There are 2 protein chains.
Amino acid sequence: MSTRGPVLIIGTGLLGTSLALALRAAGVEVQLSDTSPTSLALARDMGAGVPHDEDSPEPQIVVVAIPPDVTADVVVAQLAAHPHAVVTDVASVKERVVAEVRARAGAEARRYVGSHPMAGRERSGAAAADSDLFAGRPWVVVGQDSDPEAELVIRNLAVDVGATPVRMGAVEHDAAVAAVSHMPQLIASLVAARLEALGESALALSGQGLRDVTRIAASDPRLWSAIIVGNAGPVADLLRQISADLGALIECIEAAACEPDSSEHTAPGAAHTIAPGAVGAVTDVMARGNTGRARIPGKHGGAPRRYAEVQVLVPDAAGELGRLFSDIGAAGVNIEDFSLEHSAGQSAGIALISVLPAAAQGLEEALDAKGWRVVAG
Amino acid sequence: MSTRGPVLIIGTGLLGTSLALALRAAGVEVQLSDTSPTSLALARDMGAGVPHDEDSPEPQIVVVAIPPDVTADVVVAQLAAHPHAVVTDVASVKERVVAEVRARAGAEARRYVGSHPMAGRERSGAAAADSDLFAGRPWVVVGQDSDPEAELVIRNLAVDVGATPVRMGAVEHDAAVAAVSHMPQLIASLVAARLEALGESALALSGQGLRDVTRIAASDPRLWSAIIVGNAGPVADLLRQISADLGALIECIEAAACEPDSSEHTAPGAAHTIAPGAVGAVTDVMARGNTGRARIPGKHGGAPRRYAEVQVLVPDAAGELGRLFSDIGAAGVNIEDFSLEHSAGQSAGIALISVLPAAAQGLEEALDAKGWRVVAG
């Protein structure tokens, strides 16, 4: 714990309150401020800290955790109000905020370090706060024009709440979050918007796929409109690319829709010759999607391609998983990722073990020798 | 259990093998057939049934579980091969398949009942099969031109594997799945396709939102191109609507991107007056997305959960997973499902352990006592 405190947190929404809870859990003194007395009282009652007032001790760090369109104003004001504090913000867009603070705060801006913890959820407000929100998540630190000491203070703050600091330029950050966050958010909303007028019997057929695609469509329009407008250039570029891909896809699919009767039957069991152009177009988009999806680091089918996956049949009996892990350990192989395809009523599950490619064959042989059924991937 | 069996399942992919496992779990005799000997052997080894051959007893039901573009041919062939069986298929598109079978099989088509269990996952093949795949899911039965007795046989089959039969016309079905399944699938693939060329540092910022939006982008291109082309009309209509919404949104966002300097500062802390048109357009799309998302049936917009999830922070060090499994075993708790959220360069991953709800609190306490960091779900 390198953060001494006190830490003044401006804005007791999801991020501000979660950060406050994480710091309080680590014993750091936290002062809270919010324009909404209700939100402030809720955060205080959750144990996130005490309301900031004129008698509060001077903060070591001020964290501005409010929507991006109002962030720069408040950062500038806080630099003036607390002349010895390091000031940071957690807004999802960085270039405009950083540029505006530099332009308006002059030399004082050296005490400002823009940052962006890559954490959030589709619910907003203090009530959704979680002291573990930052655990294991990247925390972008944009410190190229800041005092190195100020940057270190913010890096330590990130580490102290379990996040991993990642240094990035503001422009690089904004392009990255446009691709991994802002564009997907808008597309999810566009898909969900199509459900507004859908019939009940059709909605009743909804499955987990639709739920997952549209989960973030439940996000706060007020916050997100500020984020999107604050990062309009990179977001618009990506949407244009999606739009071009979509237009080409529609043309091919409509061509298929118009010629269903041109199919010629070949041997039973063989594929029809319906609209090979549309098949090719859909296959191409899907295959590109497969590739892109596989590049996302982390869980659920998203293991980075640099790992090989070993699949093993695991009997549904107590102790079998423990025995599998013991045998993997005995083989001297480190597990990079692991998941289990398993459900009640089945006599066996499939363990998906991601390992470095060089280790895969040896692991398969070792597990085979121990009597495990290794499945072709 | 009204299904007497034997049930002959043609195609040991995800749906066919899952159905076979569910029927076997209920004691029904299952015969399996697949053009791939590897897939057939895997399904057999998983306990899904025995390979069908000339000496097999005549089936009561034949289930054709192969891609939609080849379904009608095989249904027609099976109606001829098994003159006393009820034949069904599980293809995701119904109008073309039903029409083709009616046109080609004549009066024999009265023994055919088109159906579509609303179940699936982004992984395909027998290795991903799950006897619980149909539990609690709708199973569409398109029986308007079938013998009522044949329709009843298929409704009972659905009930016997835990699904809920839903009667629908073929056209109504195809329009519904275009909206809740086919269009979202293509849009998820378009989003994921944008990640193909994205830099590693940007990808490292990926969060759960992107993972959820793109999860189904990992689906099989061969299968999905046949589905989309088989339902081209309704899918193209929806994509046109998305495209129009997207085009309007891009125009408003680009207007904001071009006029960032026209903002006028008002009082500190107040919203800027940047591009109110763009703010309005994004807010509108997001609000419509909120409304559409909220219409998806299911508690909190999520799938009904049979299991409780315990989340534990796992240090990235050799042996930690083995120690975790050992501690879970010592607590006497059976793991229903397990996955690891883990990405390179992070000092810790998060293990997601699914257990019966009654066991969750005890497991959390046991792991806490062993020094594990249990994360709020």
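1. In this predicted model, the crossing of helix 3 of chain B with helix 4 of chain B is right-handed. The two elements, residues 68–81 and residues 95–105 of chain B, pack at an angle of about 30°, and their axes are 9 Å apart. On the side of helix 3 of chain B the contact involves B:Pro68, B:Thr71, B:Ala72, B:Asp73, B:Val75, B:Val76 and B:Leu79, which meet B:Val97, B:Glu100, B:Val101, B:Arg104 and B:Ala105 of helix 4 of chain B. Sorted by class, the residues of this contact of helix 3 with helix 4 of chain B comprise eight nonpolar, one polar and three charged.

2. The corresponding pair in chain A can be described in the same terms. Helix 3 (residues 68–81) of chain A and helix 4 (residues 95–105) of chain A have axes 9 Å apart and pack at an angle of about 30°, and their crossing is right-handed. Helix 3 of chain A contributes A:Pro68, A:Thr71, A:Ala72, A:Asp73, A:Val75, A:Val76 and A:Leu79 to the contact, while helix 4 of chain A contributes A:Val97, A:Glu100, A:Val101, A:Arg104 and A:Ala105. Here the division by class is eight nonpolar, one polar and three charged residues.

3. A:Gln78 also belongs to helix 3 of chain A, and a reader may wish to check its surroundings. A:Gln78 counts as buried because its relative accessibility is 13%, which is under the 20% cut-off. When residues up to four places away in sequence are not counted, A:Gln78 touches A:Leu8, A:Ile10, A:Val62, A:Val64 and A:Val87. One of these partners, A:Val62, is separated from A:Gln78 by 16 residues in sequence and by 7.4 Å in space, taken from C-alpha to C-alpha.

4. Helix 2 (residues 37–45) of chain B has B:Ser39, B:Leu40, B:Leu42 and B:Ala43 as buried residues. These four lie on the same side of helix 2 of chain B, because the arc they cover around the axis is only 165°. B:Pro37 and B:Thr38, by contrast, are exposed on the other side of helix 2 of chain B. The cover over the buried residues of helix 2 of chain B includes strand 12 (373–375) of chain A, as well as helix 1 (14–25), strand 2 (30–33) and strand 3 (50–51) of chain B. After helix 2 of chain B comes B:Gly47, with a positive phi near 90°.

5. Two further helices of chain B deserve a comment. In helix 12 (residues 320–330) of chain B, the buried residues are B:Glu320, B:Leu321, B:Leu324, B:Phe325, B:Asp327 and B:Ile328. They are placed on the same side of helix 12 of chain B because they cover an arc of only 160° around its axis. B:Gly332, just after helix 12 of chain B, has a positive phi of about 75°. In helix 13 (residues 357–369) of chain B, B:Ala360, B:Leu363 and B:Leu367 are buried, and this helix 13 of chain B is followed by B:Gly371, where phi is positive and near 95°.

6. The largest nonpolar core has 130 residues, of which A:Val101, A:Leu239, A:Ile253, B:Val101, B:Leu239 and B:Ile253 touch the most other members. Leaving aside neighbours within four places in sequence, A:Leu239 is in contact with A:Met183, A:Leu186 and A:Ile187 of chain A, and with B:Leu246, B:Leu249, B:Ile250 and B:Ile253 of chain B. Another core, of 43 residues, lies apart from the largest one, and A:Leu313, A:Leu352, B:Ile9 and B:Val113 are among its members.

7. A:Ala176 is found in helix 6 (residues 170–193) of chain A. With a relative accessible area of 3%, A:Ala176 is buried, and its contacts, leaving aside neighbours within four places in sequence, are with B:Ala202 and B:Leu205 of chain B. A:Ala176 and A:Ala80 are 96 residues apart in sequence, and the C-alpha to C-alpha distance between them is 31 Å.

8. Finally, the cis peptide bonds should be noted, given that most peptide bonds are trans. In chain A the bond from A:Gly5 to A:Pro6 is cis, with omega near -5°, and A:Pro6 lies in the segment before strand 1 (7–10) of chain A. In chain B the bond from B:Gly5 to B:Pro6 is likewise cis, with omega near -5°, and B:Pro6 is in the segment before strand 1 (7–10) of chain B.

Terms used. Residues numbered from 1 in each chain as written. Chains lettered and ligands numbered in written order. Predicted model: local features only at pLDDT ≥ 70, side-chain atom pairs only at ≥ 80, totals over all residues. Heavy atoms only, no water. Axes fitted to C-alpha atoms, helices over the stretch in contact; angles between N-to-C directions. Left-handed = near helix turned anticlockwise from the far one by under 90°. Contact = heavy atoms within 4.5 Å. Nonpolar A, V, L, I, M, F, W, Y, C, P; charged D, E, K, R; others polar. Buried < 20%, exposed > 50% of the residue type's maximum accessible area, 1.4 Å probe, protein only. Arc of directions from axis to C-beta. Core = buried A, V, L, I, M, F, W, Y, C linked by side-chain atoms within 4.5 Å.
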